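Here are my notes for you to read with the model open beside you. Take the points in order and find each residue as you go.

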Amino acid sequence: METFFLLADAGSMKLDAHAQWMLWIGIAVYMAVLLLIGFWSSRRINDMKDFLVAGRRLPLWMATATLLATWFGAGSSMGVAATVYESGLRGVIADPFGASLSLLLAGIFIVGLLRKCNCMTVTDIISHRFGKSAGIYASLWMLPVYIGWIAAQVLGMGTILNVLTGISVFKGTLLGAVIVLFYTVGGGMWAVTLTDVLQVGLLVIGLLIIMPFAIHQSGGVAAVAERLQAGDLSLGWGTPGSFNDYTYYIGTWIIMGLGCMVGQDLIQRSLASRDEKVAISSSVFSGFLYLMIGVIPITIGFTARFILGSGIDSNQVMPRMAITILGNLHPLLMTLFLAALISAIMSSADSSLLAGASLLVRNIIEPLFPSKSGERMLLRTRVITIVLLIFSTTLAFLSDSIYSLMINCWTSQLVVVFLPVILALYAPRTSKSCVWTVMVVSTAVWLFYTFVNVCGTNMPFSELLNSELFEYAQTCGAVYGFLSGIVCYVFIALGEKLTARVSGEYVEKD
């Protein structure tokens, strides 16, 4: 059988010249299609409503496809495979398990109500209920989420191109970032949705191609299960430890399981849906589909232990598995799989880029520097999109781990945004002062705990960002901050209710 790759040395794999040319041609065609979609979509963008929520015209199948594509990115494919390879299932509780849970819960409790409110961003509801200042505060804390998420995606892009083609991670990252920028700035949410439909199709095909071969080369499902340790397949507590160990475990579930429920990328697709019924159904359907597809990179991560052995860079597990398995078949299969991975990354990167720009322009810049011109607002959004991508790409070069970069960036949504959104939707009597206290106390507890537990390490920032200590401290701090916000709300709400009763101002609802 002809082999289409060569092992250059113990630390790197590289495709031969014929396979590389085919890959580059495939990449070029794929990129050209994305750019054409962006150019065509830009002709349908007339105002901010078109740019941010695609004119609110997405049917069920498109809304489901774009949600699924948004969630499945570099962290969900390469990051999950890498983490399972090293740590087993317990290492990927947050994604895909917590992430799937967030889609289901959002569909049941949040997206339908937000769609009825005719908002364009998730923090619009905070601004409407508790004032512009509260909306600005919440939006500011959401920006790191999308900056970190974009950084994880472009880092994944650079890693794939480096392993498969030999191009440097720096150049590969820049190439992917530029392509995402062009079609997102041009076509907004409509371009993102159309490309997501293409990308999710390629993604499913690519993963389904590699998984059966990975299982076969590992000896079959029974052989893989037999060779794994019991702890590898467990989602439980693990070995009993300190109180903080249990807190960390809870945090791995709720940071994404609850925090992602109020993610702008999720909400933006729900707000772009044709009506609230489509918004609810698409979120629930995508939650189930995401969990099903998430099993594939988990399987690839486990089989990589037996096919690749130990001692490789975990971030390279997915592309190395593609070379090892598909390189012996045909370069066309390799090209298809590469397109699938690139699709997964770009679909998350463009969604996060649009989400971050939407929040920054609509909920921070516009309240502070209002503009009555729709064209000026649209121009502002496109300029901010460029700035965000440049900043995120810079951050990507400071991080070594795709998965940790992805997970760490979601913390602020749980701590700062989740409770105000829930209170705005389900607790109409909540006062502005109550919400402000909840947000400030939650933020303070989270940051204080994280700072106290990481200060004194004398690590450079780039090392600290990737350290287990930082992830552990931030996760535990997020749980304590979130719980302190709930306690604050209960005490303040009870106090306000009691005060109103005493003063005779409180009137029970019928």
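Which helix gives the most to the nonpolar patch? Keep that in mind for point 2, and remember throughout that this is a predicted model.

1. **The overall picture.** The protein has 21 helices and two strands. Of its 510 residues, 60% are buried. Take the contacts with a separation of 6 or more: 84% of them come from residues 24 or more positions apart. As for the outside, about 20000 Å² is exposed, and carbon and sulfur atoms supply 68% of that area.

2. **The nonpolar patch.** Back to the opening question: helix 1, residues 17-42, gives the most, with four residues. The patch covers about 480 Å² of surface and is made by Trp21, Ile25, Val29, Val33 and Leu198. Have a look at valine 33, which is found in helix 1. Valine 33 counts as partly exposed because its relative accessible area is 34%, between the 20% and 50% cut-offs.

3. **Methionine 142.** Now for the inside. You'll find methionine 142 in helix 8, which runs over residues 132-165. Is this residue buried or exposed? Its relative accessibility is 0%, so methionine 142 counts as buried. Leaving out residues up to four places away in sequence, methionine 142 touches Val122, Thr123, Val262, Gly263, Gln264, Leu359, Gln413 and Val417. Try glycine 356 too: glycine 356 and methionine 142 are 214 residues apart along the chain, yet their C-alpha atoms are separated by 7.8 Å.

4. **Threonine 430.** Don't skip the loops. Threonine 430 sits in the loop between helix 18 (411-426) and helix 19 (432-454). Even so, threonine 430 is buried, with a relative accessible area of 9%. What does its side chain reach at 2.9 Å? That would be the backbone oxygen of alanine 427. Setting aside neighbours within four places in sequence, threonine 430 is in contact with Arg129, Phe130, Leu423, Val435 and Tyr489.

5. **The two cysteines.** How many disulfides does the structure hold? The count is zero. Cysteine 434, for one, is in no disulfide, and the nearest cysteine sulfur, that of cysteine 488, is 8.3 Å away. Why is there no bond from cysteine 488? Its closest cysteine sulfur is the one in cysteine 434, and 8.3 Å is too far because a disulfide needs the two sulfur atoms within 2.5 Å. Both residues are on the buried side of the cut-off: cysteine 434 has a relative accessible area of 1%, and cysteine 488 counts as buried at 17%.

6. **Phenylalanine 491.** One last stop, in helix 21, residues 468-503, where phenylalanine 491 lies. Would you call this residue buried or exposed? Phenylalanine 491 is exposed, because its relative accessible area of 63% is over the 50% cut-off. Now link this back to point 5: the C-alpha atoms of phenylalanine 491 and cysteine 434 are separated by 9.5 Å, with their positions 57 residues apart along the chain. In that pair, phenylalanine 491 is exposed, whereas cysteine 434 is buried.

Conventions
Residues are numbered from 1 along each chain as its sequence is written. This is a predicted model: local features need pLDDT of at least 70, side-chain atom pairs count only at pLDDT 80 or more; totals for chains, interfaces and linings use all residues. Side-chain values use heavy atoms; hydrogens and water are left out. Buried means under 20% relative accessible area, exposed over 50%, partly exposed in between (1.4 Å probe, protein chains only). Contact means heavy atoms within 4.5 Å. Accessible areas come from the Shrake-Rupley method with a 1.4 Å probe; for residues, only the protein chains shown count as cover. Patches are made of residues with over 30% relative accessible area and no salt bridge: like charges are joined within 9 Å, nonpolar side chains (Val, Leu, Ile, Met, Phe, Trp, Tyr) within 5 Å. A salt bridge is a side-chain nitrogen of Lys or Arg within 4 Å of a carboxyl oxygen of Asp or Glu. A polar contact is a pair of N or O atoms within 3.5 Å; within protein, one must be able to donate a hydrogen and the other to accept it, and residues adjacent in sequence count only if both atoms are side-chain atoms.
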